[in-house]
Amino acid sequence: SPAHRSDCEFVLGLIAWNEGRTETATLHLQRSVSAAQTVGDLFRTCWSQLRLMVAIAGQGDSQTVLPLLAQIRWNVLRLGDPLALAALHVFVGGMEARRGLLQSARRHTELGQALLEVEGNPWLEAIAENNLVGVSLATCDFSDGMIHAERALLLAEESGDAALRRACLGNIGNLYCESGEFDRTIEHFERADALLPSSGEF
């Protein structure tokens, strides 16, 4: 059925994304959105669009992201799912951090965290903490960054997401590197690479 096809394309998209094959991930996620929209499945549409937005933003394609973001906002509001709304804020927070818009990144991330206080989700909470690590790196506040990084890693381990654990270990490595602790930097980068090796951008 289109709904099951949407699920399969979504999973294939996540696999490609975690391997660093962003163009392939984008293609699968676009197909997932299309299949979900065919049957008017708003839940699947929202989650596929959310991950598609992150994949497209990762390629620096702001021309495509902005109209997609407007669609996602509308769909998430129609869905009325607090977890999807939290994910929207957390993902936008991450995108804003990568663009250097640090105040906006922090604001969106904290809005997502406030929603997650009610709708606990270790995976999204870990992504939110990782966003704040990025903000701390950009502002050279390494002690604050380490607090967020260690919390992010604990939450990522609780969630069981290997790719997220890899990202958290990488960010801890970045913090140690900026602090001049190169042995610990190498140790965390090696742990990250051993956890989930990838030939792609990651």
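This passage describes the nonpolar core of a predicted model and a nonpolar patch on its surface.

The largest nonpolar core comprises 49 residues. Those with the most contacts inside it are Trp 47, Leu 50, Met 53, Leu 88, Phe 91 and Leu 124. Eight helices are listed as each supplying at least two residues of this core. They are helix 1 (2-18), helix 2 (22-38), helix 3 (42-58), helix 4 (62-79), helix 5 (82-98), helix 7 (122-138), helix 8 (142-159) and helix 9 (162-178).

Leu 88 illustrates the packing. Residues up to four places away in sequence are not counted here. Leu 88 then touches Leu 50 and Met 53. Leu 69, Ile 72, Arg 73 and Val 76 are also touched by Leu 88.

Val 54 was examined next. This residue lies in helix 3. Its relative accessibility is 13%, under the 20% limit, so Val 54 counts as buried. With neighbours within four places in sequence left aside, Val 54 is in contact with Trp 17, Phe 91 and Arg 98. Val 54 and Phe 91 are 37 residues apart in sequence. In space, their C-alpha atoms are 6.9 Å apart.

The surface was then considered. Val 11, Leu 12 and Ile 15 form a nonpolar patch there. Together they have about 240 Å² of accessible area. Leu 12 is placed in helix 1. At 40% relative accessibility, Leu 12 falls between the 20% and 50% limits and therefore counts as partly exposed. Helix 1 thus has a residue in this surface patch, Leu 12, and also supplies at least two residues of the core.

Definitions and conventions. Residues are numbered from 1 along each chain as its sequence is written. This is a predicted model: local features need pLDDT of at least 70, side-chain atom pairs count only at pLDDT 80 or more; totals for chains, interfaces and linings use all residues. Side-chain values use heavy atoms; hydrogens and water are left out. A nonpolar core is a set of buried Ala, Val, Leu, Ile, Met, Phe, Trp, Tyr and Cys residues joined through side-chain atoms within 4.5 Å. Buried means under 20% relative accessible area, exposed over 50%, partly exposed in between (1.4 Å probe, protein chains only). Helices (H or I, at least four residues) and strands (E, at least two) are DSSP runs, numbered from the N terminus. Contact means heavy atoms within 4.5 Å. Patches are made of residues with over 30% relative accessible area and no salt bridge: like charges are joined within 9 Å, nonpolar side chains (Val, Leu, Ile, Met, Phe, Trp, Tyr) within 5 Å. Accessible areas come from the Shrake-Rupley method with a 1.4 Å probe; for residues, only the protein chains shown count as cover. A salt bridge is a side-chain nitrogen of Lys or Arg within 4 Å of a carboxyl oxygen of Asp or Glu.
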